Structure formats: structure tokens, C-alpha cells
Amino acid sequence: MAGVGEQARPSSAATAEGALSFISRGWREVRDGAGADIRLMRARASSFRSLASSFEEELENLLTRPPSAVSLVKRLEPKLSEFRRAYSSPDFSAGVLGGWSPGSSGFDFSGLRSALGVEDENGRAIVELDERPVRRRRVSWKGEAEESSKEWEPIRLLKLRLKEFEHKASSSNLRGIELIEKFRKGLETINKDTSNSKEVAPLDVSELLAYLVKQSGPIFDQLGLRRDMCDKLVDALRSRRKDQLVLNTVSTGELPILSQEENEKISDELDCRVSSVLQSTGYCYDGALWTDAMNKDTDTRKPHVAIVTTASLPWMTGTAINPLFRAAYLAKSAQQNVTLLVPWLCKSDQQLVYPDNLTFNSPIEQEAYIRKWLEARIGFKADFQISFYPGKFHKERRSIIPAGDTSQFISSREADIAILEEPEHLNWYHHGKRWTDKFNYVVGVVHTNYLEYIKREKNGALQAFFVKHINNLVARAYCNKVLRLSAATQDLPKSVVCNVHGVNPKFLKVGEKLAADRELGQKVFSKGAYFLGKMVWAKGYRELIDLLSKHRTDLDGFNLDVYGNGEDSNEVQSTARRLNLNMNFLKGRDHADDTLHGYKIFINPSVSDVLCTATAEALAMGKFVICADHPSNEFFRAFPNCLTYRTSEEFVERVKEAMARDPLPLTAEQRYNLSWEAATQRFIEYAELGKFLNNSEKSSSRKGPGRMTKSISMPSLSDIVDGSLAFSHYCLTGNELLRLSTGAMPKTRDYSEEHCMDLHLLPPQVENPIYGW
């Protein structure tokens, strides 16, 4: 039986020959079938092209000479009928698309089956593999036999739609006429938009080089190359592009006269040109690398305001409290998003700065403390963020110095508006990105009269001379606008005088309650005079002791309670006891404490303050305020309860006057002028923030990532000077020896390892690579 089977099987040579013959015949069939299909497709495409050309001519005539609706129907009806008949032909579906149906193979595999094996009783091919039969069956599509006689679905739908459109177009009713009219108007609109559209020319080599040079500015800074040289190179490369545009215009035979719009386009900033090219390609930039892809479009999102200050609660100082209130009331208007950036001190520095040995283990704990303190005073939940930057406490200067580049803690995506509380203090040793380069608009708020403090130190006149010029440099290089709380501060460039601070609402409520009690006939002032302030000589204690000692006889029986703590506490108290002055020293406390409500007179002889917060709080509570006739008190002169003096004799007269009568209740207008709502409105007005916070002008006023703006083609002389000063300051603050010689703390150019652990930051070596010297 085995011999019979072997004879029935063809030899291996015959099998191979048959297989090759079948494969060759199959490829010929594929080639012939494909050629026939391609020829048929070309014929159908040529027919369709001729029909489309004819139809296009009719549409063009329609747009140039719009006929009436009835004549339009008559002219389109034969064309549509011919178009429908061409696609209704059964030859089109069967000839062109019949070979594409899933069930058709177009080949006869019987030869291959006979060459490679035998068929079993069910007609299935058996292929021997490793002496084990493997059954392979032909896969068939469901309903192949039924579907082979049907039309392809897209062709059937196309025929159906053409019939419906022909029927509607051939009808003479009003609905058909309206349909044709709408169709004609739509085509006119499309044609008009297409004719008026202009393609954006691609960037040429000179523009690409100019953009590369411009973006390489930080590298050139690190290498010591001057920024103005890079700007000149960029302008030279851009001028080549302008010359090419003019030459191209001349070569076309037209006069090289450009419209104002074209002149503005040529003189536009390079980044605007690059942005327009990118937008023409459909590219959209959503911000920095770490920006979430789900962020809203930059033209529709609210602007972001970053408030950077030099102190934080629980340190009860003006630069910690006032920026906190400013952030809360700016966020209350809901016109912008607000972030308050405050310094984070390590545990060792916290013990030196914060009262009552209060310390925090993490920024989250301190943020919770700040928000709780704030909400207890403003009476509403403030919706703004609180972030922290590394800081170190300077013992000699009793102030916090930023460590590292403070600007890096605000992402480029949110770099819209920056408010620098005490811009001089923040930027004395700032070694990082220029604020006006990162932010669209930078406002500085001057809190402290540093020159007045420095003059009181050893060699104060010489130090004040250098500090004065450094403050001028900082204001010019890092701010677009500077607000001075009063004329007592240094006259800085780009500055204007305006009080943009308000009073804690809690003090206004105290004043309203006392006024209501007075109307009921109650006696609200049971105590005399007091003074409240940090117990350091510069806060007015020297002037106060001099006045009381000089007029001890004139003020016989006059007692003064003093509340405060500070570094000079022991010396101040010993001096008062030695001069036998009627001064009762008490521990410092919050000005809103109930024990202070009964005082009628607040005395503040200080001339070193810029705008004393305690003075404003005393006026809000309805008390008399006796202060010096000084620029720092200019804002308070409009209040009738503010009594000013110029000489020591006038001081005595004002004290006696206040002791003899009661203060006047505040009017509604006076209370509003003291409030933070009014202060916020003054801030927006004098800082010129309206154009940035107005939604209608938002997209045209920003220049940040992903936004195009126009600017002048050549920088002004003032901009060149400011840029040169900023670059010089950057170079000087990058040298550790120069930093130490000017009074900086050691190792404050970068933050410490302890800051890295507390704030979860990358090490300075990673954040600032080798070239960041």
C-alpha cells in the first residue's frame, strides 16, 4: 500500500515546476487585471474632470453674473442630470469598484492546490508539515454571495443625494428658490474669503539666523559678550530681509511704495514674524515645557499677577502684612489670578525672626497660619495662591535677603504682571533673569526709606551715596513703573507718589462701633495717649524722648503709654528712666487689641517712616493722631483728626488741644478712603494696570509665550540704558567677592541644601549649570 501511495504522488521536481507555473500565471493575471482597472479608472476620472470643469464654469458665471432663481434652476438642471446619470451607470460600480469588494479574489487557486497537495473529501487542502496534516481553510466574508450583486454603499448614497438635490432644484416652489439663493450666497462668501486671503511667506535664512542670535542672548551673556552687539547683529540680519522685499517689488515692475500696514509689518519685532509663520502652519504654543496641555488658550485666560515681597507672617512688619492684603483684595475682584510669593526661612532663621519662638516644619504649615490670620481679619475667603522662595535672615540689617533667583519660582506661563514689594531690597543682590524680560509688566512698590536708616549708621553718608545710586539702577533696570507710598522716599526713576495701602477692616469696624456708642451717649475714650511701634531708635523713639524731655514742664501731668518690643528696648527704657520721663513701657501687642480701644490720642513723632500703618489704623478707630508735618504724613492731613506740628512748641499745643476735646466721627467717604477697596482702586489706576486687566485689550497688550504683540523696530535710548544697567548689575552680582564687599550674606547667590530639602528644589548645581557663573 505504501508503494501505491508513493506512485500516486507526483515527484518533487514536478511539484516545484507546477508551483512555479502557477505563480507565474497568477502574477500575469494580477498585472492584466490591475492594468484594466487603471484604464477604466482613468476613463472615469477624465469623464468626471470634464463634467467638473463644465460645472465650475457654470458656478463662475453664477458668481460673476448672478441670475434669477428660476433661470438658475433651468441652467443647473441638465448639468445635474448628466452628473447623476454618469454615477448611476452600473458599469461604474461593477467595473471600477467591483474588484475592490472584500469577497472577490480574481484568481483561480485550483492549480496551486493540485501542485502542492491533495484535497480531502470536503475540498480542503492538506499541506504536509512535519508529517502532520495542517488544515487551512479559505476565509470568506459574511454574505459574500449576496453582497457581490449589490452596489457599494458610498456610491449608492451619492446617487441618492444627487437625486434629492435634482428634485429640489427642479421644483419651482419658494422653498427650492430659497435653497438656491442660500447656496449662491454661500459660494460668493467662500470665493470672497479665498480671494482676499494671503499666505504668510516662509522664513528665509537671514531671519532664521536673526532669531537664533536673539534666542542665544543668555549664552552670550554668560560668555561676556555685550547684549547691544547681539542686537545690532539681529538688526543687520533683519535689514537684509527688508532689502529683499523692496528689491522683489522693484523686479516686478511696481513702485517700491509700501503702505503703512506693510511698513509696520516690515518693522515688526522678529518674534512677531516667527509667531505669524508658526500660526500659519497651524502650530500653537501653550507655554513652557512643564505647561499642562489642558491649559486654556492664552487669549481667553485671565491675566496672572505675581506679588513678591520680602517678609512673611508671623513677622508683624509692614512688608509682610500689606502685600498680603493687596493679594487678597486683588483676587477678590476676580479679574485676575494672583500668587503671593513670600520668603521661606530655615529653622535657625525662623527662631531669630518670628515672635514667641514660633516655627514651622514645612511651607504648608506656614501657609495655613497665614490664611487663618488673614481670614480672621478680612471676613472672606481669599482665592489666591501662596508660594515660597528661599530667603536668609541678615542679622545686622534685620531683614530677609533672597537666596538665588527669585523670578524662577513663577513659571513663564504665569509671567504676566509682577508686583515687587520693596524692589530695591529684592534686587540689591539679585542674580537671575531680568524681571522685565520675564514679565510683561513690572510694578515696584517702595515701602521703606532706606536712606534715612542708613544715614544713622557709621559712615552713613558714604553708604547712603552708594545705596542711592544702586536704588536708581534697580528701578530703571527692573521696573516699568514705581509707586512710592509718600514723598519721604527716594525720588526714583519711573516713579509716582500715591498711597496704595489700606487699613485692616477690623480697625474700621472698631471705629464704627465707637462712633455708634458715642451717639448713644456712652463714654468711649477712658484713657489718654499712647505710642505703638517696634522698639528701635529709628522708629521715632529718639524724637519722642527729645520732645518729652525738652517740654517736661509744659506737659506736666501728661503720661504716655508705650507698646513695643525690639532690639533697642533696654536702651530706650534706660534712657527714659534716666531723664525721669512720664513714659510707661508695656509689651508690644496687636493694634486691634481691646486694651487699646479706650485711648483717645495716638502720638507718632517718627520721620523715618514712609507711611506709618499704625497712624492709619488709629485714624480708622476714630482717635486723634499727633504726627510731624512730614511728607510721610501727607496722606493723613485730609482727616480732621490728624494734628500735625512743625516745631516742638507746636507739638505741645497739639497735645493740649487733643486732651481738651473729643475727635470727630469719620464720614463714610473718609472710611472708604482708608479701606483696602479704595487702596486697590488707587493701585490699579496709578500703576496703569487697567490695560492689562481689561479683557477687551488682553490679547493685544501681552507679549508673553504664545502671544504676538507689536513693538517698535528700534529700541529707544532709555531702553538701551536700562538694558546695559541690568547686564552690568547681573555681572557684578555674579561675583562672590563683589557681593561680600557690598554687604551681602555669604552664599546667598544660590539657595542652600536646607532650602532644597524644605522646598523640594533641585540642587543649585543642577538648576544652574557650569556656564552659569
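**Reading cavities, strands and ring pairs**

Author: The largest cavity is lined by 14 residues, and those nearest its centre are G511, A515, G622, P665 and L666. The model is predicted.

Reader: What volume does the largest cavity have, and which helix gives the most to its lining?

Author: The volume of the largest cavity is about 100 Å³. Helix α21, residues 505–519, contributes five residues to the lining, the most of any element.

Reader: How do the lining residues of the largest cavity divide into nonpolar, polar and charged?

Author: Nine are nonpolar, two are polar and three are charged.

Reader: How many cavities of 30 Å³ or more does a search of the whole structure find, and what is the volume of the second largest?

Author: The search finds eight. The second largest cavity has a volume of about 80 Å³. Its lining includes N322, N499, H501, F635, F636 and L674. Seven of the lining residues of this second cavity are nonpolar and five are polar, with no charged residue.

Reader: Turning to sheets, how do strands pair?

Author: The strands of a sheet are paired through backbone hydrogen bonds, and the pairing is either parallel or antiparallel. One case here is an open sheet of six strands with parallel pairing, in the order β14-β13-β12-β15-β16-β17. Its edge strands, β14 (583–586) and β17 (642–645), each pair on one side only. From one strand to the next, the twist averages 25°.

Reader: Over how many bridges do β13 and β14 pair, and which residue in β14 stands opposite Y563?

Author: Strand β13, residues 560–563, pairs with β14 over four bridges in the parallel sense. Opposite Y563 stands L586 of β14.

Reader: Y563 has an aromatic ring. What describes a pair of aromatic rings?

Author: Two values are used: the distance of the centres and the angle of the planes. In this model the count comes to 19 aromatic pairs. One of them joins Y563 and Y599, with 6.2 Å centre to centre and 80° between the planes, an edge-to-face arrangement. Y563 belongs to strand β13 and Y599 to strand β15 (residues 599–604), so this pair ties together parts 36 residues apart in sequence.

Reader: Are Y563 and Y599 buried or exposed, and which cluster do ring pairs form?

Author: Both Y563 and Y599 are buried. Ring pairs link Y563 and Y599 with Y530, F531, Y541 and F602 into a cluster.

Reader: Which way do side chains point along a strand?

Author: In a regular strand the side chains alternate between the two faces of the sheet. Strand β4 can be read with that in mind. H304, A306 and V308 point one way from β4, while V305 and I307 point the other way. Strand β4 (residues 304–308) is mostly covered, with five of its five residues buried.

Reader: Which strand pairs with β4, and what is the bridge partner of I307?

Author: β4 pairs with strand β5, residues 337–344, in the parallel sense over five bridges. The bridge partner of I307 in β5 is L340.

Reader: One residue in a helix, then: why is A464 called buried?

Author: Buried means under 20% relative accessible area. A464 has a relative accessible area of 7%, so A464 is buried. A464 lies in helix α20, residues 460–478. The C-alpha atoms of A464 and E452 are separated by 8.3 Å, and these two residues are twelve residues apart along the chain.

Conventions:
Residues numbered from 1 in each chain as written. Predicted model: local features only at pLDDT ≥ 70, side-chain atom pairs only at ≥ 80, totals over all residues. Heavy atoms only, no water. 1 Å grid on protein atoms, 1.4 Å probe; cavity = no way out; pocket = protein on both sides within 12 Å on 5 of 7 lines; lining within 4 Å. Points joined across faces, edges and corners; volume = space filled by probe spheres on them. Helix = DSSP H or I, 4+ residues; strand = E, 2+ residues; numbered from the N terminus. Nonpolar A, V, L, I, M, F, W, Y, C, P; charged D, E, K, R; others polar. Pairing = 2+ DSSP bridges. Axes fitted to C-alpha atoms, helices over the stretch in contact; angles between N-to-C directions. Phe/Tyr/Trp six-rings, centres within 6.5 Å; stacked < 30°, edge-to-face > 60°. Buried < 20%, exposed > 50% of the residue type's maximum accessible area, 1.4 Å probe, protein only.
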